[in-house]
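Visitor: Could you walk me through this one?
Guide: Gladly; here it is.

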Amino acid sequence: MAATGAVTARPARRHDAQRVLALRAAIILTVLLIWEAMARSGLLYRDVVPKLAVIATALWSLLTTEEYYVHLWVTVREIGIGLFIGGVSGLVVGLLLGANRLLARAFESYLYYLGPTPKIIFFPVMIMWFGVGFGSKIAMAALSCFFPIALSTAAGMRQIDKVLIRVGRSFRLNAWQMTTKIYLPAMRAPIINGVRIGLGVALIGALLAETRLSSQGIGFLVINAYNVFDMPRMYAILIVLFVLAIGVNAGIAKVGGLQTKA
Amino acid sequence: MHVRPRSENTTMTAALRDRVVPLALGLGTLIAALAAVEILIRVGVINGFIVPLPTDVAASFGKVFTEEDIVNRFRLTFLEALAAGAMITVVGVLLGLLLYRVPLLRRATETWVAALASAPTVLLYPLFLVIFGRSASTIIMMGFVAGLPPVILKTVEGLSGIRRVLIDVGRSLKLTPTQLFVKILLPAALPTIFVGIRLGLIFTLINVVGVEFLINFGGLGQLINDLFERYELSETYAAICFVILVSVLFFVITERIERWLRPAQ
């Protein structure tokens with residue numbers, strides 16, 4: 001009976017997956033058709049909704065020019081260095097808060113409430129401290145990702161199975177060995193989740209800063225396309241940016257075995 | 001078995017250990033850090049043209065309040081966030097309900113909504129500038145786009161988590177679909193839906209203030225931009241502190257509402 005059930009369940013599941021796939025294709029196709037109809041209707045200002053072929057051409061020319069990769073590399077470096085600085089400091093602070101109840105009670109609420117404040121308002125301060133160039137964007141990325149990584153690490157540390165900690169202590173591990181052999185491996189999921197969220201906000205911090213005051217980077221390309229009203233190019237950059245951001249986010253989640261739902 | 005009653009002394013010691021000492025340590029460290037910055041600026045270790053004296057920043061609060069029309073700016077930001085908040089609540093709950101009622105649509109699009117929740121939607125602001133112009137509409141729409149996904153996701157989650165027996169009771173009483181939603185589904189899913197609305201409101205507020213700053217239009221975000229462009233150093237820091245205080249107050253209030261709703265679960 002069970003075998004028959006399994007045999008009938010499998011085609012049903014496959015049929016269900018096909019229906020989901022067909023609906024997705026139908027939604028995408030409908031959106032694209034509506035877009036193209038709007039572009040050809042002439043009801044909107046010229047180029048606000050460009051024809052799909054024009055966007056595709058802009059996307060192709062963006063991806064085949066060296067200039068784009070130069071700017072992409074600038075942004076990647078800013079986010080990478082910012083994520084490293086903010087991530088390491090967030091990890092250290094998170095470990096301290098997670099290990100010490102008094103410190104957690106004294107300081108964690110500050111991090112908890114400062115975490116969701118709009119970080120871009122700190123950009124004037126970052127410009128004054130680190131200048132208008134590369135430094136202020138790295139600082140924005142670091143500041144943005146520090147909070148989620150610190151909070152996630154602290155929460156993760158408190159969830160470690162006490163047995164693992166007792167095992168470490170019974171082996172007389174020192175603080176460094178406890179951190180590297182017990183705490184960090186046991187906190188893999190919360191740390192990866194923190195880094196995933198941290199990367200997302202670091203990306204926003206650096207790119208918004210680039211749109212506000214910069215002469216290089218993907219954020220600069222977006223705002224430059226706006227300034228010269230090159231809408232197809234702006235759509236092309238935004239498409240690439242969203243694909244990269246969502247792809248990297250999903251990639252990190254997959255590596256960590258996490259769910260990507262909010 | 002003899003149970004020793006907890007003495008008043010023990011309770012006070014526990015309260016001291018759990019609340020007073022951490023609070024004093026937190027506030028003490030903050031005050032010590034500010035005092036250290038004050039001294040380092042006065043002795044010239046930190047450049048006073050980059051970091052203003054904390055005492056000057058405190059003194060600038062009055063000026064920011066009286067000369068920069070902060071009440072009206074706050075009202076403007078609040079109204080923009082309120083408009084976007086109302087939109088994410090209505091649209092988000094309705095879309096969540098739609099996904100709950102049409103399982104195939106949910107399976108096809110829920111991952112897309114989740115991807116949108118983690119996407120850097122705030123970077124769409126130049127596009128919204130083209131569509132809506134440099135106006136409050138751009139700010140409200142940016143707040144709306146950023147805050148919508150969590151409301152949809154949490155509404156679906158809340159509705160899916162309702163116990164079957166509650167829905168069966170509603171059906172046995174022959175409630176219409178609208179009555180079933182208003183009297184059974186919505187109250188039962190409200191705590192989870194509010195978690196989504198709170199998350200959405202946080203994203204909305206971040207985007208509203210952020211876009212105000214970026215496009216130099218509107219309330220509190222524009223104030224920071226204005227003061228910075230005039231290079232009024234201590235006033236810029238004071239305005240940033242004010243925005244942080246407003247944000248923290250907002251999170252505390254919404255968190256209290258969320259806790260108040262939670263026992264209904």
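The questions below look at chain B.

This is a predicted model, where local features need pLDDT of at least 70, side-chain atom pairs count only at pLDDT 80 or more, and totals for chains, interfaces and linings use all residues. Residues are numbered from 1 along each chain as its sequence is written, with chains lettered from A and ligands numbered from 1 in the order in which they are written.

Visitor: How many residues of chain B are in contact with chain A, and how do they divide into nonpolar, polar and charged?
Guide: Contact means C-beta atoms, placed from the backbone, within 7 Å. By that rule, 43 residues of chain B meet 44 residues of chain A. Counting Ala, Val, Leu, Ile, Met, Phe, Trp, Tyr, Cys and Pro as nonpolar, Asp, Glu, Lys and Arg as charged, and the others, Gly among them, as polar, the chain B side has 36 nonpolar, six polar and one charged.

Visitor: Where is the kink in helix 4 of chain B centred?
Guide: Helices here are DSSP runs (H or I, at least four residues), numbered from the N terminus. A bend is the angle between axes fitted to the seven residues ending at a residue and the seven starting there. In helix 4 of chain B the kink is about 45°, and its centre is B:T109.

Visitor: Is B:L261 buried or exposed, or in between?
Guide: Buried takes 20 or more other C-beta atoms within 10 Å of a residue's own, exposed 12 or fewer, and partly exposed lies in between, with C-beta atoms placed from the backbone. Because B:L261 has 16 such neighbours, it counts as partly exposed.

Key
Contact = placed C-beta atoms within 7 Å. Helix = DSSP H or I, 4+ residues; strand = E, 2+ residues; numbered from the N terminus.
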